[in-house]
Amino acid sequence: MTSKQFSETEQATFWQLNHKDYKGDYVSGFIVRWAKDVIGSRVADVGAGSGALVRQLRKSYPKLEELTGLDIAPKSPEILKGSCTKLPFADNSFDTLFMTDVIEHLSDGDLDLSLSEMRRVLSPGGHMVITTINNETLDTQHVGCPSCGTVFHRWGHCQKFSIERFASLAAKYDLEFVRSKTTNMGRAVSYGLLSRLVYLFAIDRIFRPASWHEDLMVVLRKPKSP
């Protein structure tokens with residue numbers, strides 16, 4: 001079943017009305033540690049939400065030259081209000097861009113605009129760190145409006161991603177696929193070593209259909225100028 005793709009305006013309204021915690025409030029430290037080797041001196045978080053990742057970066061890297069967070073519905077005064085489809089930054093402004101649990105919310109058109117914009121503002125040799133759900137079965141989260149019958153994902157997800165799709169997107173936008181990782185970030189944060197043992201012995205496969213979804217983390221790089 002095909003669900004509705006939310007426009008940027010609809011997504012902004014949804015998140016303005018959302019008062020629940022953001023996933024980044026719990027896993028920002030995990031993401032920063034995983035990406036530590038690609039964090040440059042000028043960093044931006046695109047889709048910064050509550051600002052948890054920005055605060056974690058400031059704590060872990062207090063000497064960053066520049067650190068900026070941007071969101072269509074910011075929940076912190078330190079986060080700029082703006083769109084990932086039209087980033088308010090000059091070309092080659094950042095060495096590292098984060099986009100955590102945002103890309104799955106973008107419509108087809110907004111996905112194209114966002115990746116084009118992120119590549120534009122990324123410096124040559126700079127990196128994008130993107131996280132999302134790995135191979136999400138979107139229709140398991142579909143709900144229907146009782147008034148108009150419109151079918152939509154309860155959290156506004158419009159896209160499904162895999163390692164293969166990111167590899168394809170990297171080629172399309174002239175980016176280099178650097179590496180990827182699949183894990184459940186929330187459980188990794190909660191259970192630490194125990195979580196790694198669960199994945200090592202594939203115990204997660206027993207629980208995954210009900211409660212153990214995988215997060216997909218990828219690093220893409222903008223080629224250096226010839």
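Start by selecting Arg55: this residue is partly exposed, with a relative accessible area of 37% (buried is under 20%, exposed over 50%, partly exposed in between, using a 1.4 Å probe and protein chains only). Before you click on, note that this is a predicted model, where local features need pLDDT of at least 70, side-chain atom pairs count only at pLDDT 80 or more, and totals for chains, interfaces and linings use all residues. Residues are numbered from 1 along each chain as its sequence is written, and side-chain values use heavy atoms, with hydrogens and water left out.

**Stop 1: the Glu78 cluster.** Add Glu78, which makes a salt bridge with Arg55, the closest N and O atoms being 2.9 Å apart (a salt bridge is a side-chain nitrogen of Lys or Arg within 4 Å of a carboxyl oxygen of Asp or Glu). Glu78 sits in the loop between strand 2 and strand 3, while Arg55 is in helix 3 (residues 52-60), 23 residues apart. Helices (H or I, at least four residues) and strands (E, at least two) are DSSP runs, numbered from the N terminus. Now add Arg58: Glu78 bridges to this one too, with the closest N and O atoms 3.0 Å apart. Arg55, Arg58 and Glu78 are thus one network of salt bridges.

**Stop 2: the sheet.** Show the strands and you'll find an open sheet of seven with the order 3-2-1-4-5-9-8 and mixed pairing (strands pair if DSSP finds at least two bridges between them). Its edge strands are strand 3 (80-81) and strand 8, each pairing on one side only. At the strand 8 end, pick Glu176 and Arg221, a salt bridge whose closest N and O atoms are 2.7 Å apart. Glu176 is in strand 8 and Arg221 in strand 9, so the pair ties together parts that are 45 residues apart in sequence.

**Stop 3: helix 5.** Select residues 163-172; which of them are buried? Phe166, Leu169 and Ala170 are. They cover an arc of only 105 degrees around the axis (taken from the directions from the helix axis to the C-beta atoms), which puts them on the same side of helix 5. The face turned away from that side carries the exposed Glu164, Ala171 and Lys172. The buried residues pack against helix 4 (108-121), strand 5 (122-133), strand 8 (176-183) and strand 9 (215-221) (contact means heavy atoms within 4.5 Å).

**Last stop: confidence.** Colour by pLDDT, the predictor's confidence in each residue from 0 to 100. Helix 7 (residues 193-200) is lowest, at a mean of 45, and strand 1 (residues 42-46) highest, at 98.
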